[in-house]
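The following questions and answers explain why certain terms are applied to this structure. Please look at the model first.

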Amino acid sequence: MSAIGTTDRTKETFQELVHEELPGLYSLARRLVRDGAEDLVQEALLQGYRAFGGLKEQAAGGRWLRAILVNVFRDQLRKKARSVDEVSSGDLGDFSLYRTLIDEDPLPYSDSLHTDFLEAFGREDLREVLMRMPEIYRMPLVLRYMDGFATKEIARLMGTPLGTTLARLHRGRHVFERTLWAYAEETKLLRMGDDDG
């Protein structure tokens with residue numbers, strides 16, 4: 001890929017990049033914050049515009065803007081609280097979504113229990129589950145499993161050692177499963193088969 005020429009680094013070029021990437025940026029922001037996704041994206045774009053001259057390859061623009069957005073989010077978290085909302089391993093217990101589904105059998109006539117359970121969740125349900133999780137686990141899960149960032153990239157973006165990032169991904173998956181189950185119980189998603197008439 002060729003580097004972007006100085007003459008191409010114009011307001012119009014940045015606007016083209018933003019036009020292409022805005023839906024993805026907004027989607028990422030909505031998965032990271034309950035309210036204020038627009039503000040998060042706006043601040044990321046402002047910082048991106050200021051630093052646009054440093055972008056070497058236009059093809060990397062989308063990833064570059066996402067990294068800026070994650071950095072803005074991380075900075076906001078640091079300002080909001082100096083302590084992190086971490087869940088200890090003991091709090092997670094031995095919870096397993098798969099074992100719980102087998103034991104509770106919320107969909108007694110299902111031949112594919114795990115799949116049927118997951119299909120009961122709509123986009124907004126999953127967003128709500130994510131929003132109920134501590135940010136310390138939400139951010140790496142969203143970046144890894146929804147936006148496809150490599151674990152090393154996530155560690156760099158979050159400013160944490162690779163081992164810490166791997167531990168947060170591992171714990172985050174457990175927190176997500178536990179939160180998913182609690183949300184399903186609370187919202188009665190588990191009673192889908194009870195309304196037979």
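Q: Are arginine 66 and glutamate 21 buried or exposed?
A: Both arginine 66 and glutamate 21 are buried, a word reserved for a relative accessible area under 20%, with exposed meaning over 50% and partly exposed in between (1.4 Å probe, protein chains only). The model is predicted: local features need pLDDT of at least 70, side-chain atom pairs count only at pLDDT 80 or more, and totals for chains, interfaces and linings use all residues. Residues are numbered from 1 along each chain as its sequence is written, and side-chain values use heavy atoms, with hydrogens and water left out.

Q: What makes the pairing of arginine 66 with glutamate 21 a salt bridge?
A: The closest N and O atoms of arginine 66 and glutamate 21 are 2.8 Å apart. A salt bridge requires a side-chain nitrogen of Lys or Arg within 4 Å of a carboxyl oxygen of Asp or Glu, so the pair qualifies. Arginine 66 is in helix α3 and glutamate 21 in helix α1, 45 residues apart; helices here are DSSP runs (H or I, at least four residues), numbered from the N terminus.

Q: Why is arginine 30 called partly exposed?
A: The relative accessible area of arginine 30 is 23%, which lies between the two limits and therefore counts as partly exposed.

Q: Which parts of the chain does the salt bridge of arginine 30 and glutamate 124 tie together?
A: Arginine 30 lies in helix α1 and glutamate 124 in helix α7, so the pair ties together parts that are 94 residues apart in sequence. The closest N and O atoms of this pair are 2.9 Å apart.

Q: Why is methionine 131 called buried?
A: Methionine 131 has a relative accessible area of 7%; this value is under the limit for buried residues, so the term applies. Methionine 131 is found in helix α7 (residues 123-132). Leaving aside neighbours within four places in sequence, its contacts (heavy atoms within 4.5 Å) include Leu32, Val33 and Arg138.

Q: How do you know that the buried residues of α9 lie on the same side?
A: The buried residues of α9 are Thr151, Ile154, Ala155, Leu157 and Met158. They cover an arc of only 165 degrees around the axis, which puts them on the same side of α9; the arc is that of the directions from the helix axis to the C-beta atoms. On the other side of α9, Lys152 and Arg156 are exposed. Among the elements covering the buried residues of α9 are α3, α8 and α10.

Terms used:
Helices (H or I, at least four residues) and strands (E, at least two) are DSSP runs, numbered from the N terminus.
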